[in-house]
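Open the model in your viewer and keep the selection panel at hand. The stops below are meant to be taken in order.

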Amino acid sequence: SNQGFWNSGVKTNGQHYVKAFTSSGSFGYHCEIHPDMHGTVRVPLQASGSPANGWTLRWSTIRAAANRNFDVQVRRAGTTAWRALRTDTARATAMFDPSRAGSYQLRARTSNTTNGKSSGWSPVKSVTVS
C-alpha cells in the first residue's frame, strides 16, 4: 500500500493476494514492478441507529493495533468546514447524537503511526438527527 499498511510481496503468474480491510479510509496501492498497476480501495464507515435515537458510528471492526489510529470528522450538510469528532483514537466506534437536529456528513481515515502516513478519507456517510 502507498501508506505502508500492507505489502503483498512479488507475485508470479497465477498467484493471488487477499487483503481484508478492517478500518475506514481510501487506501491507495501500487505495484513496485509495474508502475501502471495502481488503484484505490475505498472503505466507508458504518452508521446504525435512527434519526430519533442517534447513531452508532463504526470506522473499524477492531480496536486499533499498536501502530494504528483513527480520525473521524463531521460536518453539517450544506456547509464546507469539517470538524474533528475523534482524533488519534484507538477506539473503533462512538455514539453520534448532536444536540442540533439536522443532516450530517461523516468520514474517517486510518493512520500508520510507524511511518506517519494516513489513508485518504473514507467515502462520506450521511445521517439525519431529529
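The tour goes from a sheet to a core and ends in a loop.

This is a predicted model, in which local features need pLDDT of at least 70 and side-chain atom pairs count only at pLDDT 80 or more, while totals for chains, interfaces and linings use all residues. Residues are numbered from 1 along each chain as its sequence is written, and side-chain values use heavy atoms, with hydrogens and water left out.

**Stop 1: the sheet**

Select residues 46–50, which are strand β3, then 54–58 for β4 and 93–96 for β7. Strands here are DSSP runs (E, at least two residues), numbered from the N terminus. These 3 strands form an open sheet in the order β3-β4-β7, with antiparallel pairing. β3 and β7 are the edge strands, each pairing on one side only. Direction ignored, neighbouring strands of this sheet are turned by 20° against each other on average; the axes behind that angle are lines fitted to C-alpha atoms.

Two strands count as paired if DSSP finds at least two bridges between them. β3 and β4 are joined by 5 bridges, and a hairpin connects them through 3 residues. Show Ser48 here: Thr56 in β4 stands opposite. On the other side, 4 bridges join β4 to β7; pick Trp55 and find Phe96 of β7 opposite.

**Stop 2: the core**

Next, select Leu57, Trp59, Phe96, Leu106 and Val127. These have the most contacts inside the largest nonpolar core, which has 16 residues. Such a core is a set of buried Ala, Val, Leu, Ile, Met, Phe, Trp, Tyr and Cys residues joined through side-chain atoms within 4.5 Å, where buried means under 20% relative accessible area, computed with a 1.4 Å probe on protein chains only. β4, β5, β7, β8 (102–112) and β10 (125–129) each supply at least two of its residues.

Which residues does Leu57 touch, not counting those up to four places away in sequence? Among them are Leu45, Leu85, Ala92, Phe96 and Leu106, with contact meaning heavy atoms within 4.5 Å.

**Stop 3: the loop**

Finally, go to Thr79, in the loop between β5 (68–76) and β6 (83–89). Thr79 has a relative accessible area of 37%, which makes this residue partly exposed (between 20% and 50%). Its side chain reaches the backbone oxygen of Arg76 at 2.6 Å. To finish, add Gln105: the C-alpha atoms of Thr79 and Gln105 are separated by 9.7 Å, with the two residues 26 apart along the chain.

Methods. Polar contact = N/O pair within 3.5 Å; in protein donor to acceptor, adjacent residues only side chain to side chain. Axes fitted to C-alpha atoms, helices over the stretch in contact; angles between N-to-C directions.
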